[in-house]
Structures are given as structure tokens and as C-alpha cells.
Amino acid sequence: MTYLERVNSPDDLKKLTISELKEYAKEVREYIVKVVENRGGHLASNLGVVELTIAMHYVFDCPRDKFIFDVGHQSYTHKIITGRRDAFARLRSDDGISGFENMSESEYDAFTTGHSSTSLSVGLGIARARDLSGDDYNVVSVIGDGAFTGGMVYEALNDIGASHARMIIILNDNAMSITRNVGAISSYLGKLRLSRRYKVLKTRFKRGINGIPLIGGALVKATEKIKSAVKKQVLSVRMFEQLGIKYYGAFDGHDIGELVYVLNRVKPTNVPVILHIVTRKGSGLYEAECDPVKYHGVTGKVDNVLKFSDVVSSSLADMGSRDNKVVCVSAAMLPSTGLERFRELFPDRCYDVGIAEQHAAAMCAGIASSGYKPYFAVYSTFLQRAFDQLIHDVSINKLPVRLLIDRAGAVGSDGVTHQGLYDLSYLNTIPGMCIMAPRCGKDLKKMLEWSLNYNEGPLAIRYPKGYAESSDEETEDIAYGKWEMLRDSDNGVYVIAVGPNMVEMARGADCGLISARFVKPLDTECLRKISNNGNLIITMEENVGSGGFGESVLHELNVMGAGCEFESFAFNDEICDCRSISSAFEKNGITRERLNKKISDFISNNKKI
Ligand SMILES: Cc1ncc(C[n+]2csc(CCOP(=O)(O)OP(=O)(O)O)c2C)c(N)n1
């Protein structure tokens, strides 16, 4: 029996020796690679924390002790140890398990995570509740150096240090976010990491390597350099210490023996502790170690189809070369949002601010206030963070900040924490916000071009995860606030659809079809034309119904006193825990079948009359 088969719980793990744990780590790693190759997922991040997670379960007593994995994308080993080995084969599917830590999935998952930089705040909350109820378990927050660029971390450190709360922060430092980590804090962590290299070199000295003439001489030089850097950073170590948080590090995150030793040392703490662990992203898989960016998240199968982010990439490169006021901003998501090419061409006009969406939005406001044209490309779900900045810094000042909102709509395998189902609602509430939704790649290209000269105020263009398929059919030129009539109606039924998935779903139906290029402002002229007495208007959107497109249209119809019937296809008021786009549509009644039935019922009722 393999170790992988023997371990079905943390208790089983505790029966192994340290050298057996190392064997187990190998098997876990192989299993993760095999499953992720097949199902997709966060490969490199998980390979980096195999030993760390094993050591944590070896030393602590989960689920009594609470582990909060920041983002939760690196929790695969934790899932495999805690009774989900077989279910792991169905990773990120509706009948399997989530790709993130998820409370509803297992008692071993202390919290549901997905968005970055929350684990310190949540950990402190759990620690405070523990103390209020006189309990005695450990709280361990595991956070990457990438997540450490998020502002919430500093709000939490501020509070944790002053509170003296008993909790352990494990900083998993691989110098990478999705791409190479950015910012001054990241450089600071780099200095702390040097202390680790210094320790390693010192140990090698002890082992007598300096006896070897050439290598020995080089080592002496290197060590001297590092020694002086370490001396300098002794002061900077005090950053954490002076905040009231005890710092230990940096330790080798792939040495299980060392990890078990240090975790045992910090376990009895009664003050906040930060344990700095140095890991290699993609560890153990050559390709992933060499290219951790490519292997951060893998899709499971290679696809060469044109995506919306590809359209963003080529359009922005083109726009940037014609207009030197174009500036691009990313919150640690350059490749996945299509900004990489712009960065290569115009490095001085491209800013990766780290996982800091609030800062990005306010910074864009500053850029726009000085006459530049900022494009902030961001996933719908992560833009939620910047709601206040969009009102306070962007909208109140009527600034032309351009939001390129990717993954808007159902997102599939990333699941519940990543659904892009709220942006139309929260953007709809923002005064002066213009919201657009392309129906295909060609449409998106036209919108991006059009946006270059739209300076009246904030503008959002939202598009889903899917492919930017463009038929040969040309799209109309953009006119502010105007929808695109794709097909007129001969039976009094009109579907007004937002975005490519909804337009495609309604294509074959027996109705007039309109692409709602502008979600805000509405095309009231068109609405007036199609809302004759006795007509049926159906809105379709990949967004929650509440505050969404359908509600705006219904409101407008009421204002007009239109006598037509109305139906809305939108996501309902439940949290959408689906892990495929089709199941998300199905569960919310956004289907061709329901659409066809609605139309045929309407037609047959009308005939009876
Ligand atoms: C608020 C927010 N913005 C963006 C992301 C997308 N994201 C997921 S993981 C990640 C990088 C995390 O880096 P790090 O914490 O160092 O973990 P690593 O993968 O390197 O182990 C990013 C940017 C997110 N999950 N949440």
C-alpha cells in the first residue's frame, strides 16, 4: 500500500516518521500533477506547499486547530490529507470538490476563501471568538507573498499587533504572485530571505566546503556580501517586531524536518507570530519550476481559440501606439487580462500594482484627473473590492476611467467565490457610469476603439470568460446609448440580450433579437419602439436579477407606461455554487428550453385571445 493510500486523515499522517513523510510528499506531488493535468487547477502554487501542509498537519490538530489558507488555491495537499483524496480526482467539478478552501465541503476547512489577502483578518476574528469563549485551539493563517501585497493585510497587521492576539501567520514566500511579485514589501521580504541564504552558507562552511579552493573562495565572498546585507536587515526585521508580531525566519519550506521543528517551537505561542517560509513555486515538477507563471493555473487542455482577453491585448497594443495618453493598470493579473503585450511595448505606461484593486481604482482616478486615459483590466469578482473607490474617487469626480471587466458572468470551475454575477448591479448604482457589453470579439474591438474618445466619465466594458467567437457578420458602428437590432420581430416578442452567451442562447428562438450594447444608459428610443401594447419583452443577462439589466428595463417600461408583458432571465438570489457555466445557467433557469417555452406560451395565449 502506498503512503498516499494509507493516509486518510491527519491522524494517519501523525503515525508516519519524518522520512516516511518525505515519501508521502513525493506521492502527493505526483497525484496533484496527475489530477491537475486532467482537470486543470492551480498547479505551481500547490506543488510549492506540499511539505509545508504536511508539516502543519503533523504538528497541529486540525479541525480543532483552524487553518485559513489565503486565496485557498494552494489547499490541495490539505484536501488530500483530510479525507478528500478520492474526491480530489474530480477537482473543480460539480460532483467533486472545490479548488479552494470551502467550509461547506469539509469540517477541516475553517473558512471559505477565493479572494486574496483575507486570511489575517479572518484568522484574527476566529482567534478573538476563541478567546471570548475561553477556548484553546490554534489559529494558523497561511498567506503567500503575493497576497501580502493586498491592503487588507496591513489593516489586519495593524490590529493583530495591537491586540496581542494568539495566532500564527505563515508567510509562504516564493517571490511570485501569478507573475513575479511586485512592490516595496516584496523587496523587503527579499532582504529577509537573504538571512536564509546566509544561514545555509554558514552551514556549508561548517561542513568544510571552504576547504575547496575555488568554490570556497567564491563562497567566502558571497557570504561576506550576504552577511552585511543581513546585518543591515536586522533593523528591518523589526518592522514586524515593532508592530507587536514576533518574526521567525526564514526557513526552508521544503525541508519537512525543519518545518516540523519550527512549527513545534511556535505552537505554544501566546502572542501573534509570523513564520517566514521560503518555497519554490512549482517545486518538484521541472517545467513548473522553470515557468511558474504558465503553471500557476492550468486549464487542463490546450486551447487556441480567440478569447476576449486576446482582443483586449491586440486592441490595446494598437491603441497605445496611436495615443500616448493610453495607460494600462493591472492588479497582479497582467497575463490573464491580456495586458502583457501592452507592458512589453509600453513598459512606462503599464502598472502592475499588486493584488490591490482598491488602490488600482483610486490610482486610475488620479491618472485620469491629469488627462491620461487609464484602462484598468480586472476580473468582475475582484473589482467588487473597489466599489467605494469607483464612487468616491472616480464617479464623484466624473473621471474617464475605463474598466475592462473580464470573467463577467458565470465562471465555471473556479466556482462560488469567483462568479462575476454582480458587476452590472453594483455598476448600475454608480452615478454617471456608462456600461457596455459586447456580443463578440469584433464588437469588443469596436467598443475599445470607441472608448478612446469617450471622456465624459467612467466607462465599463464587461465580457465573459468564454471565447470571443466572431461570425462573418459585421457589427454596427457604436453610437452612444444605442442597442443593436440583430433581428426584427414578426410576432411581438423581443429578446434584449446582454453579452455573447445570452445573444447566442436567443439566436435560434422565434423572436426579435437585440444586443444590449449599452446596459447603462438604456436605449429608451428602441425600448419605446418595441414595447407596443401586447408585446412581450424578455431581458437576458449573466448577472443577478437584483439591480441588474432586467430591473432597469422594467423600471423604464413602467416610467413609459408601456403596456407590454415582461420577463427577465437572470441569476436568482442564491449564492451560485456551480462549477460549470452550463450548470450555473441550468440552475437559474437561463436555458433555451425555458426561453422557447415562454415564447410559445405567449404566442398560443395571444392566438386564443
Ligand atoms: C482580490 C483578488 N485579486 C486577484 C486574485 C487572483 N489571484 C489568485 S492567486 C494570485 C497570486 C497569489 O500569489 P501568492 O499569494 O504569492 O500565492 P502563490 O500562488 O505564489 O503561492 C492572484 C493574483 C485573487 N484571488 N483575489
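Q: What makes the meeting of the side chains of D443 and R517 a salt bridge?
A: In this predicted model, the N to O distance between the side chains of D443 and R517 is 2.7 Å. The cut-off for a salt bridge is 4 Å between a side-chain nitrogen of Lys or Arg and a carboxyl oxygen of Asp or Glu, so a pair at 2.7 Å qualifies. Side chains of opposite charge can pair when their charged atoms come close.

Q: How many salt bridges are counted between domain 2 and domain 3, and where do the domains run along the chain?
A: The count between domain 2 and domain 3 is one salt bridge. Domain 1 covers 3–180 + 246–290, domain 2 covers 308–462, and domain 3 covers 485–608.

Q: How do you know that domain 2 and domain 3 are in contact?
A: Contact requires heavy atoms within 4.5 Å, and 32 residues of domain 2 are in contact with 32 residues of domain 3. About 2300 Å² is buried between the two domains, 55% of it on carbon and sulfur atoms. On the side of domain 2, the residues that lose the most area to domain 3 are L421, N428 and R439, together 27% of what that side buries. The C-alpha centres of these two domains lie 26 Å apart.

Q: How many residue pairs are in polar contact across the interface of domain 2 and domain 3, and which elements of domain 2 touch domain 3?
A: The rule finds 17 residue pairs in polar contact across this interface, both residues of each pair being at pLDDT 80 or more. On the side of domain 2, α19 (423–428), β10 and α20 each give two or more residues. The most comes from α19, with five residues.

Q: Why do β7 and β15 count as edge strands?
A: The open sheet of seven strands has the order β7-β6-β8-β9-β11-β10-β15, with mixed pairing. β7 (350–352) and β15 (518–520) each have a single partner strand, so one side of each is left without a neighbour in the sheet. On average, neighbouring strands of this sheet are turned by 20° against each other, direction ignored.

Q: How do you know that β6 and β7 pair?
A: Two strands pair if there are at least two bridges between them; three bridges join β6 (residues 326–330) to β7, so the requirement is met. These two strands run parallel. Within the pair, S330 stands opposite D352 in β7.

Q: Which helices pack on this sheet, and which strands do they touch?
A: Helix α16 (residues 357–369) touches β6, β7 and β8 (373–379), and its direction makes about 165° with that of β8. Helix α20 (residues 441–451) touches β8, β9 (402–406), β10 (434–436), β11 (459–462) and β15, and its direction makes about 170° with that of β11.

Q: What is the strand order of the sheet with five strands, and why are β1 and β4 its edges?
A: This open sheet has the order β1-β2-β3-β5-β4, with parallel pairing. β1 (66–69) and β4 (246–252) each have a single partner strand, so one side of each lacks a neighbour in the sheet.

Q: How do you know that β1 and β2 pair?
A: At least two bridges are needed, and four join β1 to β2 (residues 139–144), so the two strands count as paired. They run parallel. F69 has V142 in β2 as its bridge partner. Helix α7 (residues 119–132) packs on this sheet, touching β1, β2 and β3 (168–173), and its direction makes about 175° with that of β2.

Q: Why can E105 and R84 be said to tie together separate parts of the sequence?
A: The side chains of E105 and R84 meet in a salt bridge with an N to O distance of 2.7 Å. Both residues lie in the loop between α6 (76–81) and α7, so the pair ties together parts that are 21 residues apart in sequence. The structure holds 32 salt bridges.

Q: What is notable about the peptide bonds from C62 to P63 and from G249 to A250, and about phi of R92?
A: Most residues other than glycine have a negative phi, and most peptide bonds are trans. The bond joining C62 and P63 is cis, with omega about 15°, and P63 lies in the loop between α5 (50–59) and β1. The bond from G249 to A250 is also cis, with omega near -5°, and A250 is in strand β4. R92, in the loop between α6 and α7, has a positive phi near 65°.

Methods. Residues are numbered from 1 along each chain as its sequence is written. This is a predicted model: local features need pLDDT of at least 70, side-chain atom pairs count only at pLDDT 80 or more; totals for chains, interfaces and linings use all residues. Side-chain values use heavy atoms; hydrogens and water are left out. Axes are lines fitted to C-alpha atoms, for helices over the stretch in contact, and angles run from 0 to 180 degrees between N-to-C directions. Domain bounds come from an automatic or database domain assignment. Buried area is the accessible area (1.4 Å probe) that two parts lose on being put together, summed over both. A polar contact is a pair of N or O atoms within 3.5 Å; within protein, one must be able to donate a hydrogen and the other to accept it, and residues adjacent in sequence count only if both atoms are side-chain atoms.
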